Amino acid sequence: MTPRITPRGPVSEALLDALKADPSAASDDVVRFTENATAALAAEPDLLTDEDLQLTLLLLYGLHYGDTVEADDEWEWNPDLLRTRRAIERVFEGQLRERVPVGELPEPNADAVAAYLFDLTSEDGGPSLSRFIAKKATEEQAVEFVIHRSIYTRKEADPHSWAIPRLTGRAKAALVEVQSDEYGAGRPDRIHAEIFGRTMRNLGLDDSYGAYIDNVPAITLASFTMMSMFGLNRSLRGAITGHLAAFEMTSSIPNRFYGNGFRRLGHDDEVTWYYDEHVEADAVHEQIAGRDLAGGLAEQHPELLPDIVFGAAACLYVDGLAGQHMLESFEAGRSSLRQPVAVAA
């Protein structure tokens, strides 16, 4: 079931209106959409926190993924929508590059790149959302955490899979190996996105994709739209590779804490299976992603090394902001959602 999505400003409103129409016919709503987007970008917004433009990006990427917004399939390749998406992406990418400097690079060989990424992703000892969930979170806060994560996790692995046809050799083989596990290694019941769906259902949540888009803030959407931007643009194949490496390297230990937190709250394996699965799987994936995927790509294409490092650093930066938003909200005793969710008993 495709969710009903509420616009967050003039750009997303015009886009949602346009998508209701026949894509083969001229549409005033498409003109309005492009004009509103141009005006919004001219105002120099912060793309990480702009509710209207982040929702717009999510909807535009949803035309490629499916199940996000009700629209004729022909809208996927509408040139006006694609041109406007690229205009938004250029600003988004530019702002990320300004905030996430690459700095000194490692040597472009697998061992050096892997060591660099493991050092980059090592825990800094600061406030930890995963430790908060493990030790302090209430049931309501733990459920909110799952709602935030559902925006990506019910599409888990899909943004990174766009990179498969863009890679060759060692890097491609490594990516396929990681993604095979993410998709259940041939067993539909073990697809990670489906295991997460079971977690949601057992918490009384709606596991249909996008059910909670209206509830989460721009920074949560930005985590997903950033990796979608990296994955869908061939020019950013280095960035999506680095993103996946950092994503896997920062997964195993936090997921152990998340699983422990839900056990502390009285939940059984029906809820914790997803987190427990990632403790073991991602301990293996981090080695493959760091050395064979990111390192292998750097050896094959040294010119992509800056983007590999940028993608990894951007992953840590944006996911860190999303986690910080949740943690600060929880510690202040307020909801981290734009609209609280009433959970079925």
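Where is the place of Ala157? I looked this up first in the predicted model, and I found Ala157 in the loop between H7 and helix H8 (158-161).

**Entry: Ala157.** I read a phi near 80° for Ala157, a positive value in a residue other than glycine. I then checked its cover. Buried means under 20% relative accessible area. Ala157 has 1% relative accessibility and therefore counts as buried.

**Entry: Glu44.** I turned to another residue other than glycine with a positive phi, Glu44, for which the value is near 55°. I located Glu44 in the loop between helix H2 (28-42) and helix H3 (51-65). Is Glu44 buried or exposed? The cut-off for exposed is over 50%. I noted 71% relative accessibility for Glu44, so Glu44 counts as exposed.

**Entry: helix H7.** I went back to the helix that precedes the loop of Ala157. Helix H7 covers residues 139-153, which makes 15 residues. From its first C-alpha to its last I recorded 20 Å, close to the 21 Å expected at 1.5 Å a residue. I next asked how many residues of H7 are buried. The count is twelve of the 15, so H7 is largely enclosed by the rest of the structure. Among the buried residues of H7 I listed Val143, Phe145, Val146, Ile147 and Ile151. Glu144 and His148 are also in the buried set of H7, as are Gln141, Ser150, Tyr152 and Thr153.

**Entry: helix H11.** I made the corresponding check on helix H11 (residues 218-232). Its 15 residues should span 21 Å at 1.5 Å a residue, and the end C-alpha atoms are 20 Å apart, which agrees. In H11, 15 of the 15 residues are buried, so this helix is largely enclosed by the rest of the structure.

**Entry: the whole chain.** I counted 15 helices and zero strands in the secondary structure of the chain. The radius of gyration is 20 Å, close to the 20 Å that the globule rule gives for 345 residues, so the chain is as compact as a globular protein of that length. I noted that the C-alpha trace spans about 55 × 50 × 40 Å along its principal axes. Of the 345 residues, 54% count as buried. For contacts with a separation of 6 or more, I found that residues 24 or more positions apart account for 80%.

**Entry: surface and charge.** I recorded an exposed area of about 14600 Å² for the chain, of which carbon and sulfur atoms supply 50%. The chain has 31 positive and 56 negative charges, and I noted that their mean positions are 2 Å apart.

How values were computed: Residues numbered from 1 in each chain as written. Predicted model: local features only at pLDDT ≥ 70, side-chain atom pairs only at ≥ 80, totals over all residues. Heavy atoms only, no water. Helix = DSSP H or I, 4+ residues; strand = E, 2+ residues; numbered from the N terminus. Rg over C-alpha atoms; globule rule 2.2 N^0.38 Å. Buried < 20%, exposed > 50% of the residue type's maximum accessible area, 1.4 Å probe, protein only. Contact = heavy atoms within 4.5 Å. Areas by Shrake-Rupley, 256 points an atom, 1.4 Å probe, with all protein chains shown as cover. Lys, Arg positive; Asp, Glu negative; His and termini not counted. Charge placed at Lys NZ, Arg CZ, Asp CG, Glu CD. Expected span 1.5 Å × (residues − 1).
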